[in-house]
Amino acid sequence: MPKLSVRDLDLKNKRVFIRVDFNVPLAPGGREITSDKRIKASLPTIRYALEQGAGLILASHLGRPKGKPNPEMSLKPVAKRLEELLGRPVKMAPDCIGPEVEAMLPAPGEILLLENLRYHPEEEKNDPEFSKKLAALCDVYVNDAFGSAHRAHASTVGMIAYVPQAAAGLLMDQELKYLTMATRNPARPCVAILGGAKVSDKIEVIANLGKVVDKLLIGGAMAYTFMKAEGEPVGKSLVEDDKLDLARSLMLSLKDKLVLPVDHVVVSEIKENAESQVVDTIPDGMIGVDIGPLTIDHYSHVIRTAKTVIWNGPMGVFEKKPFDRGTVALAKAVAASGATSVVGGGDSEKAIKSAGVADQISHISTGGGASLEFLAGIELPGVAALTDK
Ligand code: AMP
């Protein structure tokens with residue numbers, strides 16, 4: 001890692017500002033957390049910093065309060081859950097800057113959770129004055145919020161100019177380690193599996209991964225845009241007609257690498273348990289909703305030979321059963337391959353969990369947008385801003 005890690009810092013008796021991603025889903029009303037996955041993901045960094053003798057200031061955004069206080073997007077429920085998980089007190093600040101916060105700053109071993117950064121419009125505007133005020137709270141800065149690293153905000157980029165050292169947290173470190181390894185120096189063969197609704201969302205990812213990987217297996221509705229570009233019938237399947245030229249040029253430049261499905265599960269109407277058929281050629285009026293069994297076999301075979309697998313996006317309309325079959329089958333193939341596997345995107349993660357193979361995946365990224373930008377070869381501003389080693 002070219003960037004400073006929290007392990008490189010001397011944290012004893014220091015006040016550490018840790019930018020975490022506590023953007024947790026809340027039940028309506030904003031009092032109950034429906035998944036504490038993101039809180040748990042930052043526990044290693046929090047515990048490490050406490051063990052080193054630091055006082056912790058934790059800061060995050062939650063939801064989109066649009067620059068003003070909104071009690072339904074308060075981090076108070078997070079403070080409570082964090083207290084339970086750590087088994088020690090977590091003080092909740094009434095704001096993220098200002099005299100009341102300054103009066104609560106933590107001594108070594110203490111934890112202060114700041115209120116939602118996005119209650120202030122200056123956070124998303126990356127405002128220098130606001131950045132200075134955040135920086136003035138601490139001695140050193142750590143970013144563990146990989147999921148926000150693609151945004152240049154005050155807490156992810158701006159405040160770093162006003163702190164002496166800015167390091168990656170353990171979660172951030174792990175994300176960067178796996179994503180860097182998979183995209184810069186993968187063990188070969190390296191296979192990417194890309195699915196989801198639209199080619200347009202993943203053009204840069206396809207183009208960038210195309211330079212690195214040995215095979216790019218395409219599924220989901222994205223496949224139909226490529227098929228239509230080749231002149232193959234796609235019926236009423238989801239296609240981006242304005243992206244056909246682009247699909248054609250990607251296929252030309254990646255012709256030995258890009259692999260398309262050879263059979264399809266089709267329906268006349270997308271709904272749960274709709275009557276379906278498996279076809280090689282999509283008939284007029286029918287809609288492709290999943291990759292077919294021959295494609296599952298072929299893709300699984302390619303995956304089994306891989307040493308590195310990168311996966312983003314489902315192979316079909318995965319939310320509607322049984323059209324999750326292709327996605328779940330590939331999740332099992334990735335797990336069984338023994339390859340170093342890096343998975344991003346909420347749907348692929350769900351598939352991996354419903355296939356019961358999450359513990360056999362090397363790394364499941366916590367940042368959807370950030371991991372896509374990384375895979376597209378875009379430098380993440382929240383990473384670029386950290387101090388070089
Ligand atoms: P993305 O966010 O781009 O990864 O896309 C995920 C979405 O793609 C999911 O909601 C899927 O239902 C959708 N999707 C995947 N395959 C298809 C398909 N064949 N037809 C329509 N939607 C699809």
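Which domains does the domain assignment of the protein give? In this predicted model, the assignment gives domain 1, spanning residues 6-172, and domain 2, spanning residues 186-375. The C-alpha centres of domain 1 and domain 2 are 36 Å apart. Even with that spacing between centres, the domains do meet: seven residues of domain 1 are in contact with nine residues of domain 2.

We can turn next to the ligand. Its surroundings are made up of 16 residues, and the closest of these are Ala197, Lys202, Gly288, Gly316 and Glu319. Sorted by class, this shell holds seven nonpolar residues, five polar ones and four charged ones. Backbone atoms of the protein provide several polar partners for the ligand. On the oxygen side, a ligand oxygen atom is 3.1 Å from a polar backbone atom of Ala197. On the nitrogen side, a polar backbone atom of Ala221 is 3.2 Å from a nitrogen atom of the ligand, and a polar backbone atom of Gly316 is 3.4 Å from a ligand nitrogen. Taken on its own, the ligand has 500 Å² of accessible area, and the protein covers 78% of this.

Gly288, one of the closest residues to the ligand, also leads to a serine worth a look. The side chain of Ser237 reaches the backbone nitrogen of Gly288 at 2.9 Å. Ser237 itself sits in the loop that joins α9 (222-229) to α10 (244-253). Is this loop serine buried or exposed? Because its relative accessible area is 8%, under the 20% cut-off, Ser237 counts as buried. Leaving aside residues up to four places away in sequence, Ser237 touches Tyr224, Ile282, Met286, Ile287 and Gly288. Gly288 thus appears both among the residues closest to the ligand and among the contacts of Ser237.

A second serine, Ser365, is found in the loop between β15 (363-364) and α14 (368-375). Ser365 is buried because its relative accessibility is 7%, and the limit for that class is 20%. Here too a side chain pairs with the backbone of a glycine: a polar atom of the Ser365 side chain lies 3.2 Å from the backbone nitrogen of Gly367. Which residues does Ser365 touch, not counting those up to four places away in sequence? They are Phe146, Glu175, Val343, Gly344, Glu349 and Ser371. Of these contacts, Phe146 falls within the bounds of domain 1 (6-172), whereas Ser365 lies within those of domain 2 (186-375).

Definitions and conventions:
Residues are numbered from 1 along each chain as its sequence is written. This is a predicted model: local features need pLDDT of at least 70, side-chain atom pairs count only at pLDDT 80 or more; totals for chains, interfaces and linings use all residues. Side-chain values use heavy atoms; hydrogens and water are left out. Helices (H or I, at least four residues) and strands (E, at least two) are DSSP runs, numbered from the N terminus. Buried means under 20% relative accessible area, exposed over 50%, partly exposed in between (1.4 Å probe, protein chains only). A polar contact is a pair of N or O atoms within 3.5 Å; within protein, one must be able to donate a hydrogen and the other to accept it, and residues adjacent in sequence count only if both atoms are side-chain atoms. Contact means heavy atoms within 4.5 Å. A residue is near a molecule or strand if one of its heavy atoms lies within 4 Å of it. Accessible areas come from the Shrake-Rupley method with a 1.4 Å probe; for residues, only the protein chains shown count as cover. Ala, Val, Leu, Ile, Met, Phe, Trp, Tyr, Cys and Pro count as nonpolar, Asp, Glu, Lys and Arg as charged, and the others, Gly among them, as polar. Domain bounds come from an automatic or database domain assignment.
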